[in-house]
Amino acid sequence: MDLGFGNTNQSVGSAAANTLLRATQAQEAAIASEISKYDALLESNDSELEKLRERRLAKMKAAQSQKAKWLEAGHGVYSDLSSGHDIAKAFFEAAKKSNRMVVHFHRPTTRQCDVFHAALEQLAPRHPETRFVKINVEGCDDVREGGSGVGAKYLVEKLGIVVMPTLLIVKDRKAHHQVRGFDELGGKDDFTVNELAYVLGGHEALTRKDEEEVEPAFVTGGERGIEGVNSLRMMFGGSGVRRGGYDDFDDDE
């Protein structure tokens, strides 16, 4: 079929038409599948409907139980790990309890950090599957006994935190990726919470919700499949601390 583009663009027009046709067919198949499910429900007897109800109820109970465990581990709120005397120990303990964690390394004197603070405050209750925490590195050089930098200096040096703000994504006790400043967010501080969720979800830091699946305008070439800039495995001892310092991170082979 001649789409009026001339010989040069004929193949492009045909490809576009075929893509549209495939998308329409896929949509029709999805609708047909959904209708079949409803038809099956209408034809089901009371026993089958009761089994379906029990399965759904069990699934809801399991989800509620999991959410309760997350909340008990500190999920659901944007919490500060800098309030204790040993920041590194608090970091390790938190990582042991949560499969996914987003850690905001910040300084109160850096205005850009406030942008992340505001966004993470909203994301924490929205995504209970991930723990959101912050670590203040302002007094990082104060490593005297009881000083505010105890542990923080160790984390900054070991993880290679060089930009303020930095979001460290921890997955299964591994430092998986760093979002340094706003480079992955279009280089500006006017990104939306949903756009930040999109970027974090691309690094598997959280499970995106429907409204967070829309690709931001600043993302080019599709979703960024970036490997962690410091993919290190965190090794934990029984107490999380050993003589002479904290458990080391071994390079992930």
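Is Lys-171 buried or exposed? Lys-171 is buried, with a relative accessible area of 17%. The legends below describe close-up views of a predicted model.

**View 1. Lys-171 in strand S4 and its contacts.** Lys-171 belongs to strand S4, which spans residues 166-171. The cut-off for buried is under 20% relative accessible area, so Lys-171, at 17%, counts as buried. With neighbours within four places in sequence set aside, Lys-171 touches Asn-99, Arg-100, His-176, His-203 and Glu-204. One of these, Arg-100, is itself buried.

**View 2. Strand S2 and its two faces.** Strand S2 covers residues 100-106 and is mostly covered, with seven of its seven residues buried. In a regular strand, side chains alternate between the two faces of the sheet. Arg-100, Val-102, His-104 and His-106 point one way from S2. Met-101, Val-103 and Phe-105 point the other way. Both sets are buried.

**View 3. S2 paired with S4 and with S3.** S2 and S4 pair in the antiparallel sense over six bridges. Within this pairing, Met-101 has Val-170 of S4 as its bridge partner. S2 also pairs with strand S3 (residues 131-136), here in parallel, again through six bridges. Phe-105 is bridged to Ile-135 of S3. The route from S2 to S3 passes through helix H4 (residues 111-126), and this β-α-β crossover is right-handed. Met-101 also has a bridge partner in S3, Arg-131.

**View 4. Strand S3 and its pairing with S1.** Five of the six residues of S3 are buried, so S3 is largely enclosed by the rest of the structure. Strand S1 (residues 78-80) runs parallel to S3, and three bridges join them. In this pairing, Ser-79 stands opposite Val-133 of S3.

**View 5. The buried side of helix H3.** Helix H3 comprises residues 87-97. Its buried residues are Ile-87, Ala-88, Phe-91, Phe-92, Ala-94 and Ala-95. They cover an arc of only 165° around the axis, which puts them on the same side of H3.

**View 6. H3 against helix H5.** Two packed helices are described by the angle between their axes and the distance between the axes. The axes of H3 and H5 (residues 152-159) come within 7 Å and cross at roughly 60°. H3 and H5 are therefore oblique to each other. From H3, the residues in contact are Ile-87, Ala-88, Phe-91 and Phe-92. They meet Ala-152, Tyr-154, Leu-155 and Leu-159 of H5. The four H3 residues, Ile-87, Ala-88, Phe-91 and Phe-92, are among the buried residues of that helix.

**View 7. A cis peptide bond between Met-164 and Pro-165.** The bond joining Met-164 and Pro-165 is cis, with omega about 0°. Pro-165 sits in the loop between H5 and S4.

**View 8. Positive phi at Asp-172 and Arg-173.** Asp-172 is found in the loop between S4 and strand S5 (174-180). Arg-173 lies in the loop between S4 and S5 as well. Asp-172 is not a glycine, yet its phi is positive, at about 50°. Arg-173 is not a glycine either, and has a positive phi of about 65°. Asp-172 is partly exposed, with a relative accessible area of 48%. Arg-173 is also partly exposed, at 35%.

Note on methods
Residues numbered from 1 in each chain as written. Predicted model: local features only at pLDDT ≥ 70, side-chain atom pairs only at ≥ 80, totals over all residues. Heavy atoms only, no water. Buried < 20%, exposed > 50% of the residue type's maximum accessible area, 1.4 Å probe, protein only. Arc of directions from axis to C-beta. Pairing = 2+ DSSP bridges. Right-handed = clockwise from strand over helix to strand, strands pointing away. Axes fitted to C-alpha atoms, helices over the stretch in contact; angles between N-to-C directions. Parallel < 35°, antiparallel > 145°, perpendicular 65-115°, else oblique. Contact = heavy atoms within 4.5 Å.
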